[in-house]
Amino acid sequence: MTSESTAVGRLEVQGRLTAEYREILSPEAADFVADLVERFAPRLTRLLEDRKAFQARIDAGELPDFLPETREIRESKWKIRGIPQDLLDRRVEITGPVDRKMIINALNANVRVFMADFEDSLAPTWDNVMQGQINLRDANRRTIEFTNPDGRVYKLNDDPAVLIARVRGLHLSEKHIGWSGDSRIPGCLLDFGLYFFHNHAERKQRGAGVYYYVPKIQSYHEAQWWDDVFAYTEDRFGVERGTIKATFLIETLPAVFQMHEILHALRDHVVALNCGRWDYIFSYIKTLKKHPDRVLPDRQVVTMDKPFLSAYSRLLIKTCHERGALAMGGMAAFIPSKDPKENEIALAKVLADKTLEAANGHDGTWIAHPGLADVAMEVFDKHIPQGRDNQLDVLRENDPPITAADLLVVPEGERTDAGMRTNIRVSLQYLEAWISGNGCVPVYGLMEDAATAEISRASIWQWIQNGKSLSNGKKVTKSLFREMMDEEMQVVRSEVGEARFQDGRFREAAVLMDRLTTADEMTDFLTLPAYETLA
């Protein structure tokens, strides 16, 4: 093993290379990734600059809106290429990191799909990224096993769920791999390229394509970039067009105004759009951060029945079904509780949330824990008639047009002392876990990932910058935040225990939290500075 720079094909690898890692980063696989970087990284850099230019216009007073120059795409008749048979029924999907035991349990759960996540629920340490690719390769080969310390052996059932891999967002780099003088390559191209290289032949032999989830795009230009990546890969490996199929998350405010255009750009490769609700709420805050009349209340009251989120969900369903694509619902972040009363409350919330999604016409939904699978499955079984796979026939043709104002209306609700303190404790505990190498953390009955932590820290930033007050009359300032931070740090210390606190990285997380929350300009993603301190 080595930790110094090692040439592998046309890549320069800074991470350690075990024998298993060399199987994943073989010279042939590395050269394919290098080809992707050479062809597509320069254009990606320009797309990220376009994001900055768009945000500057919004900061100067503009509001997002539907694009006049693409009206013809929205108003003309066309459909996507089609949906493979094994992706037609996605009524319940479970998501989680690419941990070996997690993969087996998720694929064996009472769900149709497992989304294996290299993004929001994974802290991308070198070992996590490399081991994740090994685990997914073994899962596709149906050879994956895991032995618990207590001796229990985990194996795949005979009929596992469909496996979909989610790659990192366009903004995230991979600091352990360089190319042609650049010290980093786009993380998304590494995740995408290695997964395709090692699994396309196995999946073809089983009669399946290679399936991806793609997060956080903001425009149809970014969708076109991904479509070009997909088409180049299919041509390079001599497989038919449409072998790669992807579900794109509509989890940024700019993207919700371009859903027709995104589907059109991706029509050979897209099968669905997904309501990434938590990142969408975060994106609402981030996009409109300089608009004092667009400040959100407590995170806990910003639920899917709020008008701006209901409009988002209904517009996604209508758009997808008009174009022949599936419309996936959002995440139930609750996790089962050992306390019967708390568990009953959590399950009731999940039931209400999934019932709303199914009644609106979503074709499926997300859960974070196998213990929620039966509840979610029962809801969608009731709304999808026997013999049908989905709700593509729900066209919502009689809905009144959803306007930009509908998508931007500020939800009602208070900003409370308790809500702010909860935001601090959630962010603190999540950041501590993330920089320690764990990107998926149970906190106060919810499975927190980067998206939910983003809302927590961004809300406080927004309240400070716009001079908002809490319901008790206290103005939210940097000094109030720091006072609360000191107090809530002690609460966390008592909750986790002195030994865990001393062994952890809570003080480093607090410094990072302060930096993210009190800076005069909002940091685009907490994972960017956190990545520099990642264990």
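Two strands count as paired if DSSP finds at least two bridges between them. The exercises below apply this and similar criteria to a predicted model.

**Exercise 1. How do strand 3 and strand 15 pair, and over how many bridges?**

Solution. Step one is to recall the criterion of at least two bridges. Step two is to compare it with the structure, where strand 3 (residues 92-97) and strand 15 are joined by three bridges in the parallel sense. One point of register is given by Val92, which stands opposite Thr365 in strand 15. On strand 14 there is another partner, since three bridges join strand 14 to strand 15 in a parallel run, and here Met328 has Gly364 of strand 15 as its bridge partner. Step three places these pairs in the whole: strands 3-4-7-11-12-13-14-15 form a closed barrel of eight strands with parallel pairing, and the twist from one strand to the next averages 30 degrees.

**Exercise 2. Which residues of strand 15 point one way, and which the other way?**

Solution. The general expectation comes first: in a regular strand the side chains alternate between the two faces of the sheet. In strand 15 (residues 364-367), Gly364 and Trp366 point one way, while Thr365 and Ile367 point the other way. The accessibility then has to be considered for both groups, and all of these residues are buried, that is, under 20% relative accessible area.

**Exercise 3. Describe the pairing of strand 12 with strand 13, and what lies across them.**

Solution. Strand 12 (residues 244-250) and strand 13 pair in the parallel sense over five bridges, and one of the contacts in register is that of Ile250 with its bridge partner Cys275 in strand 13. Helix 11 (residues 307-322) lies across strand 12, strand 13 and strand 14, and its direction makes an angle of about 170 degrees with strand 13.

**Exercise 4. In what order do the three strands of the open sheet stand, and which are its edge strands?**

Solution. The order is 1-2-9, with antiparallel pairing. Strand 1 (6-8) and strand 9 (177-179) are the edge strands, each pairing on one side only. Neighbouring strands of this sheet are turned by 35 degrees against each other on average, with direction ignored. For the pair at one edge, strand 1 is joined to strand 2 (residues 11-13) by three bridges, and Ala7 stands opposite Glu12 in strand 2.

**Exercise 5. What is the volume of the largest pocket, and which element gives the largest share of its lining?**

Solution. The largest pocket holds about 900 Å³ of space. Its lining has 33 residues, of which Trp278, Gln300, Phe334, Lys349 and Leu446 are the closest to its centre. Two or more lining residues come from each of helix 10 (277-287), strand 14 (326-332), helix 12 (340-360), helix 15 and strand 17 (446-448). The largest share, seven residues, is that of helix 12.

**Exercise 6. How many cavities of 30 Å³ or more does the structure hold, and what lines the largest cavity?**

Solution. There are five such cavities, and the largest has a volume of about 130 Å³. Of its 18 lining residues, the closest to its centre are Trp278, Met331, Trp366, Asp449 and Ala451. Strand 13 (270-275), helix 10, strand 14 and helix 16 each supply at least two residues of this lining, with helix 10 giving the largest share, three residues.

**Exercise 7. Check the span of helix 19 against the expected value, and find what covers its buried residues.**

Solution. Helix 19 (residues 506-518) has 13 residues, and at 1.5 Å a residue these should span 18 Å; the end C-alpha atoms are 18 Å apart, so the two values agree. The buried residues of helix 19 are Phe506, Ala509, Ala510, Leu512, Met513, Leu516, Thr517 and Thr518. Their cover includes helix 15 (417-435), helix 16 (450-465), helix 17 (478-496), helix 18 (498-503) and helix 20 (527-532). The test of length can be repeated on helix 15, whose 19 residues reach 27 Å from first to last C-alpha, close to the 27 Å expected. Helix 15 is itself mostly covered, with 16 of its 19 residues buried, and just after helix 15 Gly437 takes a positive phi of about 110 degrees.

**Exercise 8. Why does Thr143 count as partly exposed?**

Solution. Thr143 is placed in the loop between helix 5 (126-141) and strand 5 (145-147). Because its relative accessibility is 47%, Thr143 counts as partly exposed.

Methods. Residues are numbered from 1 along each chain as its sequence is written. This is a predicted model: local features need pLDDT of at least 70, side-chain atom pairs count only at pLDDT 80 or more; totals for chains, interfaces and linings use all residues. Side-chain values use heavy atoms; hydrogens and water are left out. Helices (H or I, at least four residues) and strands (E, at least two) are DSSP runs, numbered from the N terminus. The expected span of a helix is 1.5 Å times one less than its number of residues. Buried means under 20% relative accessible area, exposed over 50%, partly exposed in between (1.4 Å probe, protein chains only). Contact means heavy atoms within 4.5 Å. Axes are lines fitted to C-alpha atoms, for helices over the stretch in contact, and angles run from 0 to 180 degrees between N-to-C directions. On a 1 Å grid over the protein atoms alone, a cavity is a set of points where a 1.4 Å probe fits but cannot get out, and a pocket is an open set with protein on both sides within 12 Å along at least five of seven lines; lining residues have an atom within 4 Å of a point. Grid points are joined across faces, edges and corners, and a volume is the space filled by probe spheres set on the points.
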